[in-house]
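Me: Please take a close look at one residue position in this model and set it within its surroundings. A connected account in formal terms would be appreciated.

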Amino acid sequence: MRKIALEEHFVTPELAAYGAGTSAIAQPGVWAEASRRLLDFTEERLPEMDRAGLDMQVLSLNSPGIQAEADPVVAVRAASTVNDVLAGVIAEHPTRFSGFAALPLQNPAAAADELERAVTQLGLHGGLVNAHTGGKYLDHPDFRVVWERAVALDVPLYLHPANGVDTAHVLSGHPELVGPMWSWGIDTSTHALRLIFGGVFDDFPTAKLLLGHMGEGLPFVLWRLDSRWGFHNHQGVELAREKPSDYLRENLYITTSGVCSSAPLLASLLALGSDHILFGTDYPFESIGTACAFLESAPVSEADRAKIAYANAERLLGVRIPVAV
């Protein structure tokens, strides 16, 4: 079966230092191995894809990416440069790679322009944002220009985790809970909920948001969100649609990246439907072989398997895997 994987990371030597904060989370040997693989596109990555039967990776700059840069001028320049590099890699291997643009949200107007350039001139298929940018989240009014451009281009924004602005007190004394094992997922799912209650999807009803890691837990709490929205003081916030889940079922798309388990996949299928789930491996932090084997053996219908494996990516992103004749 053809397979297209989203949330497939890379980094350039010039931007590798931005990941220093993440390196403190991982075991030293594990981080060293991942760092080496992030810099490679062909020597190890392509053979591993071939062994696992993965046709295409949709590449994206590793966390925290451009969001870690404090200087807006530097951020704009770095985003343009790395997107050009990515486009060059794709041009050399157009049947194996496609990509998401890095966006310099430190300058929202420039980020919108870079998204448009990346899509219309470089052939990229949307943008990927790593958590907050200088403490601002994607519901901030400054970023409406980016959402407006994404909707006009009909491309998604992929929201990926990174270190938060601060660390919740409940995590104090337990640094092992900070990072992708736990805190990043909570930060990212909360960030996504801000988009609902911050009015982004009311302003842009056709906007498309991608979340990795089987939706960062959101598919499993839809009923609870709706029930408690009926209970809570709305604090002046009113939604154009009836329930929070209406937005998640319409505007949210998730990937299986980093979650190779049937139970959450089946729950997500029931919660969101098979049209809203795409495949991902989270390379190099997870095994391509493990992810592909999971998808191939998951207890789902063949029609749903095909949607998750490649058809939804082709529809949502406009990427295509050449079909052998």
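Reply: A residue counts as buried when its relative accessible area is under 20%, and as exposed when that area is over 50%. In this predicted model, Asn62 has a relative accessible area of 7% and is therefore buried. Asn62 lies in the loop between β2 (56–61) and α4 (72–92). Leaving aside residues up to four places away in sequence, Asn62 touches His9, Phe10, Val11, Trp31, Leu38, Asn130 and Phe285.

One of these contacts, Asn130, leads to the strands, since β5 comprises residues 127–130. Strand β5 runs parallel to β6 (residues 157–160), and 4 bridges join the two. Within this pair, Gly127 is the residue opposite Leu157 of β6. Both strands belong to an open sheet of 6 strands with parallel pairing, ordered β4-β5-β6-β7-β8-β9. The edges of that sheet are β4 (101–102) and β9 (277–278), each of which pairs on one side only.

The largest nonpolar core has 94 residues, and those with the most contacts inside it include Ile4, Leu103 and Trp147. Among the residues that Ile4 touches, beyond four places in sequence, are Leu54, Met56, Val58 and Phe279.

A contrast to Asn62 is offered by Met181, situated in the loop between β6 and α7 (183–197). Its relative accessible area is 60%, so Met181 is exposed. Together with Trp182 and Ile186, Met181 forms a nonpolar surface patch with about 350 Å² of accessible area in total.

Note on methods
Residues are numbered from 1 along each chain as its sequence is written. This is a predicted model: local features need pLDDT of at least 70, side-chain atom pairs count only at pLDDT 80 or more; totals for chains, interfaces and linings use all residues. Side-chain values use heavy atoms; hydrogens and water are left out. A nonpolar core is a set of buried Ala, Val, Leu, Ile, Met, Phe, Trp, Tyr and Cys residues joined through side-chain atoms within 4.5 Å. Buried means under 20% relative accessible area, exposed over 50%, partly exposed in between (1.4 Å probe, protein chains only). Contact means heavy atoms within 4.5 Å. Two strands pair if DSSP finds at least two bridges between them. Patches are made of residues with over 30% relative accessible area and no salt bridge: like charges are joined within 9 Å, nonpolar side chains (Val, Leu, Ile, Met, Phe, Trp, Tyr) within 5 Å. Accessible areas come from the Shrake-Rupley method with a 1.4 Å probe; for residues, only the protein chains shown count as cover. A salt bridge is a side-chain nitrogen of Lys or Arg within 4 Å of a carboxyl oxygen of Asp or Glu.
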